[in-house]
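Subject: Structure for you, with notes

Hi,

Here is the structure I promised to pass on. Have a look at it first, and then read my notes underneath.

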Amino acid sequence: MLDTVQQFFQRVLATPQSESREVITPQLAVAALLSEILRADYQTDPEELALLRRMLMAQFSLDEGAVDELVEQAQRQVDEAVDHFQYVSLLNERYDYDQRVELIAAMWRLAYADHELAALEEHRIRRLADLLYVTHSDFIRTKLAVQDELKRG
């Protein structure tokens, strides 16, 4: 009886893992988290999307076709994801603290790409900063640095 119950749970729990899910790479994790900022205010501004593409091209040395595929894959992942754990846990493992702080700065740049900061965008960045173990002082410092960049033009 116990063996039957164990086999049942192994089958049920194994089913989602056996589906043909895409492997989460650091590039996909970054693209997915940045895509979360794009959709935080329920509007995807063309300026934000263009900046996301430029950021990913520069960060990962990708051409336009590869960036288009990465963004599409990231947006699909974000639509299907229940939470951010798979992305942040990978980045917490693979990225050092300074890289994670720079990712938060990139999130601020995306949030300000349309020249306004929605409260939902700020909330999402705060939440992701917490999950990435970025201190509150660095969260604020990066926000102010990005605002200063924008003022200087």
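Which residues in α2 meet which residues in α3? From α2 they are Pro26, Gln27, Val30, Ala31, Leu34, Ser35 and Leu38, and from α3 they are Glu48, Leu49, Leu52, Met55, Leu56 and Phe60. Contact here means heavy atoms within 4.5 Å. By class, that contact has 10 nonpolar, two polar and one charged residues. The classes are: Ala, Val, Leu, Ile, Met, Phe, Trp, Tyr, Cys and Pro nonpolar; Asp, Glu, Lys and Arg charged; the others, Gly among them, polar.

Two housekeeping points. This is a predicted model, where local features need pLDDT of at least 70 and side-chain atom pairs count only at pLDDT 80 or more, while totals for chains, interfaces and linings use all residues. Residues are numbered from 1 along each chain as its sequence is written, and side-chain values use heavy atoms, with hydrogens and water left out.

**Overall picture**

The protein chain has eight helices and zero strands, in the order α-α-α-α-α-α-α-α along the sequence. Helices (H or I, at least four residues) and strands (E, at least two) are DSSP runs, numbered from the N terminus. Of the 153 residues, 40% are buried; buried means under 20% relative accessible area, exposed over 50%, and partly exposed in between, with a 1.4 Å probe and protein chains only. Take the contacts between residues at least 6 apart in sequence: 74% of them join residues at least 24 apart.

**How α2, α3 and α4 pack**

Two packed helices are described by the angle between their axes and the distance between the axes. Axes are lines fitted to C-alpha atoms, for helices over the stretch in contact, and angles run from 0 to 180 degrees between N-to-C directions.

- α2 (residues 26–39) and α3 (residues 46–60) have axes that come within 11 Å and cross at roughly 160°. That makes α2 roughly antiparallel to α3 (angles under 35 degrees count as roughly parallel, over 145 as roughly antiparallel, 65 to 115 as roughly perpendicular and the rest as oblique). The crossing is right-handed, meaning the near helix is turned clockwise from the far one by less than a right angle; anticlockwise would be left-handed.
- α2 and α4 have axes 8 Å apart, at an angle of about 70°, which makes α2 roughly perpendicular to α4. The crossing is right-handed. On the α2 side the contact uses Gln27, Leu28, Ala31, Ala32, Ser35, Glu36, Leu38 and Arg39, and on the α4 side Leu70, Gln73, Ala74, Gln75, Gln77, Val78 and Asp79. That comes to seven nonpolar, five polar and three charged residues.
- α3 and α4 pack at about 115°, with axes 10 Å apart, again in a right-handed crossing. Leu49, Leu52, Arg53, Leu56 and Met57 in α3 meet Glu64, Val67, Asp68, Leu70, Val71 and Gln75 in α4. Here the split is seven nonpolar, one polar and three charged.

**The core**

The largest nonpolar core (buried Ala, Val, Leu, Ile, Met, Phe, Trp, Tyr and Cys residues joined through side-chain atoms within 4.5 Å) has 42 residues, and Leu33, Leu34, Leu56, Met107 and Leu132 have the most contacts inside it. Two or more residues each come from α2, α3, α4 (64–80), α5 (85–94), α6 (97–111), α7 (119–131) and α8 (136–152). The largest share, nine residues, is from α2.

Leaving aside neighbours within four places in sequence, Leu132 is in contact with Leu33, Val88, Leu91, Asn92, Arg100, Leu103, Ile104 and Met107.

**Two buried residues**

Ala32, in helix α2, is buried at 0% relative accessible area. Beyond neighbours within four places in sequence, Ala32 touches Ala74, Val78 and Tyr87. Thr142, in α8, is buried at 4%, and with the same neighbours left out Thr142 contacts Val101, Ile104, Ala105 and Trp108.

**Two loop residues to look at**

Tyr42 is not a glycine but has a positive phi of about 65°. Tyr42 sits in the loop between α2 and α3 and is exposed, at 70% relative accessible area. His115, also not a glycine, has a positive phi near 70°. His115 lies in the loop between α6 and α7 and is exposed at 65%.

Cheers
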